[in-house]
Amino acid sequence: MKTFVLDTNVLIHDPEAIFTFKDNKIIIPMAVIEELDNFKRLNDERGRSARLIARDLDALGQTGKLHEGVALKTAEY
């Protein structure tokens, strides 16, 4: 198992990126979440992507505490 730290650019470019790392560990730093929160207010592609990511993170937060880690379903490509 590898550990990947995702930055804002990765998540803005592909809002579904967190679901593509299969059985690996994913870390999203708090600074990235804060940047995404700022982008949510924009009326462009960056804002749309940030809102999609925020919805996914909110849904994952319902399954457990994000800071402790939650299991993800991976996308099939």
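Which element gives the largest share of the lining of the largest pocket? The answer is β2, with three residues. The close-ups below start from that pocket and then move through the rest of this predicted model.

**View 1. The largest pocket, with a volume of about 540 Å³.** Let's begin at the centre: of the 22 lining residues, I26, I27, L66, G69 and V70 are the closest to it. Two elements give two or more residues to this lining, namely β2 (25-27) and α3. As for chemistry, the lining divides into 13 nonpolar, five polar and four charged residues.

**View 2. The second largest pocket, with a volume of about 170 Å³.** Here the lining is made by I33, L36, D37, K40, A50, I53, A54, L57, D58 and L66. The elements that contribute two or more of these residues are α2 and α3. Helix α3 supplies the largest share, five residues. Sorted by class, this lining has seven nonpolar and three charged residues, and no polar ones.

**View 3. The largest nonpolar core, a set of 14 residues.** If you want to find your way around this core, start with L6, L11, I18, I28, L36 and L57, the members that touch the most other members. Two or more core residues come from each of α1 (8-13), α2 (30-39) and α3 (45-61). Of the elements involved, α3 gives the most, with four residues.

**View 4. L57 and its contacts.** Leaving aside residues up to four places away in sequence, L57 touches I18, I28, I33 and L66. L57 is worth a second look, as this residue also appears in the lining of the second largest pocket. I33 and L66, two of its contacts, are part of that lining too.

**View 5. S49, a buried serine in helix α3.** What makes S49 count as buried? Its relative accessibility is 2%, and the cut-off for buried is under 20%. Apart from residues up to four places away in sequence, S49 touches L11, I12 and P15. L11 is a familiar name from the core, being one of the members with the most contacts to other members.

**View 6. The one aromatic pair in the structure.** F4 and F21 make up this pair: their ring centres are 4.7 Å apart and their planes meet at 45°, so the pair is tilted. F4 sits in strand β1 (residues 3-5) and F21 in the loop between α1 and β2, so the pair ties together parts that are 17 residues apart in sequence. Are the two partners buried or exposed? F4 is partly exposed, at a relative accessible area of 28%, whereas F21 is buried, at 18%.

**View 7. K22 and D23, in the loop between α1 and β2.** K22 has a phi near 45°, a positive value in a residue other than glycine. K22 is exposed, with a relative accessible area of 57%. D23 counts as exposed as well, because its relative accessibility is 66% and the cut-off for exposed is over 50%. Finally, look across to K73: the C-alpha atoms of D23 and K73 are separated by 9.5 Å, though these residues are 50 residues apart along the chain.

Note on methods: Residues numbered from 1 in each chain as written. Predicted model: local features only at pLDDT ≥ 70, side-chain atom pairs only at ≥ 80, totals over all residues. Heavy atoms only, no water. Core = buried A, V, L, I, M, F, W, Y, C linked by side-chain atoms within 4.5 Å. Buried < 20%, exposed > 50% of the residue type's maximum accessible area, 1.4 Å probe, protein only. Contact = heavy atoms within 4.5 Å. 1 Å grid on protein atoms, 1.4 Å probe; cavity = no way out; pocket = protein on both sides within 12 Å on 5 of 7 lines; lining within 4 Å. Points joined across faces, edges and corners; volume = space filled by probe spheres on them. Nonpolar A, V, L, I, M, F, W, Y, C, P; charged D, E, K, R; others polar. Phe/Tyr/Trp six-rings, centres within 6.5 Å; stacked < 30°, edge-to-face > 60°.
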